[in-house]
Amino acid sequence: MSRSTTFASPLFLGFDAMEKTIERLAKANDGYPPYNIERIAPDGRGVERLRITIAVAGFAEEELDVTVEENQLIIRGRQVEVPDRDYLYRGIAARQFQRVFVLADGMQVGGAGLRNGLLSVDLIRPEPERMVRKINISVSQ
């Protein structure tokens, strides 16, 4: 049985890792916490900027972790249970999460901020340099 994928064309060479990443991300999306992705107006240099905003109400700054690993932006939240609390009713769970966003080549994280229960991560996509390289052809005798 053969499976058809986006990268099945013989013209896409070396995209195996990206295909596996996309499959893993599709399986891992549980919807928590909710997030927005917005395009921010470009500055005077024409640099495109994006902002990811995640609802992290109840998380303190030290319980959040934002890292870039290879081409992935990983945002984690880990709340610590307070053992000496005696709840009469508990409707807010101390839940952990991990959100992974795949970044295109050249994308850079500009910074992150926490305000009013919202974590914002700014991304910058500088205009890529256009590169043309001549490849010499060797001839065998």
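Hi everyone. Let me start with a definition: a contact here means heavy atoms within 4.5 Å. With that in hand, take the contacts in this chain with a separation of 6 or more: 48% of them are between residues 24 or more positions apart. What you see above is a predicted model, so please keep that in mind throughout.

First, the overall layout. The chain has 141 residues, and 21% of them count as buried. About 11600 Å² is exposed by the chain, with carbon and sulfur atoms supplying 51% of that area. As for secondary structure, there are 1 helix and 7 strands. Going along the sequence, the helix comes at the start of the pattern, α-β-β-β-β-β-β-β.

Now to the sheets, beginning with the one made of 4 strands. In what order do the strands of this open sheet stand? The order is S1-S2-S7-S6, and the pairing is antiparallel. S1 and S6 are at the edges with a single partner strand each, so one side of each has no neighbour in the sheet. If you like angles, neighbouring strands here are turned by 20° against each other on average, direction ignored.

Let's walk through the pairings in that sheet. S2 and S7 are joined in the antiparallel sense over 8 bridges. One pair to click on is Arg49, whose bridge partner in S7 is Ile124. Then we have strand S6, residues 108–115, and strand S7, residues 118–125, which run antiparallel and are joined by 7 bridges. In that pairing, Leu114 stands opposite Leu119 in S7. These two strands make a hairpin with 2 residues between them, and Asn116 there takes a positive phi near 55°.

On to the other sheet. It is also open, it has 3 strands in the order S3-S4-S5, and the pairing is antiparallel. Its edge strands are S3 (64–69) and S5 (97–102), each of which pairs on one side only. Neighbouring strands in this sheet are turned by 15° against each other on average, again ignoring direction.

Here too, let me give you the details pair by pair. S3 and S4 run antiparallel, with 6 bridges between them. Asp65 stands opposite Arg76 in S4. The hairpin of S3 and S4 has 2 residues between the strands, and Glu70 in the turn has a positive phi of about 55°. On the other side, S4, residues 72–77, pairs with S5 in the antiparallel sense over 6 bridges. If you pick Ile74, you will find Val100 as its bridge partner in S5.

What about the loop between S4 and S5? Val82 lies in this loop. Val82 counts as partly exposed, because its relative accessibility is 37% and that class runs between 20% and 50%. Val82 and Ala94 are 12 residues apart in sequence, and their C-alpha atoms are 9.5 Å apart in space.

Now for the part I expect this group to enjoy, the aromatic rings. How many aromatic pairs does a search of the whole structure find? It finds 3. Take Tyr35 and Phe101: their ring centres are 5.3 Å apart and the planes stand at 85°, so this pair is edge-to-face. Tyr35 lies in strand S1 (residues 35–40) and Phe101 in strand S5, so the pair ties together parts that are 66 residues apart in sequence. Is each of these two residues buried or partly exposed? Tyr35 is partly exposed, with a relative accessible area of 34%. Phe101, at 11% relative accessibility, counts as buried.

Next come Phe59 and Phe97, another edge-to-face pair, with 5.3 Å centre to centre and 85° between the planes. Phe59 lies in the loop between strand S2 (48–55) and S3, while Phe97 lies in strand S5, so this pair ties together parts that are 38 residues apart in sequence. Phe59 and Phe97 are both buried.

There is a little more to see around that pair. Ring pairs link Tyr32, Phe59 and Phe97 into a cluster. The ring of Tyr32 also has a charge over it: the charged end of Arg95 sits 3.9 Å from the ring centre.

To finish, here are the main stops if you want to browse. One is the sheet in the order S1-S2-S7-S6, and another is the sheet in the order S3-S4-S5. For the rings, look at Tyr35 with Phe101, and at the cluster of Tyr32, Phe59 and Phe97. Thanks for listening!

Definitions and conventions
Residues are numbered from 1 along each chain as its sequence is written. This is a predicted model: local features need pLDDT of at least 70, side-chain atom pairs count only at pLDDT 80 or more; totals for chains, interfaces and linings use all residues. Side-chain values use heavy atoms; hydrogens and water are left out. Two strands pair if DSSP finds at least two bridges between them. Axes are lines fitted to C-alpha atoms, for helices over the stretch in contact, and angles run from 0 to 180 degrees between N-to-C directions. Rings of Phe, Tyr and Trp (its six-membered ring) pair if their centres lie within 6.5 Å; planes under 30 degrees apart count as stacked, over 60 as edge-to-face and the rest as tilted. Buried means under 20% relative accessible area, exposed over 50%, partly exposed in between (1.4 Å probe, protein chains only). A charge sits over a ring if NZ of Lys or CZ of Arg is within 6 Å of the ring centre and within 35 degrees of the ring normal. Accessible areas come from the Shrake-Rupley method with a 1.4 Å probe; for residues, only the protein chains shown count as cover.
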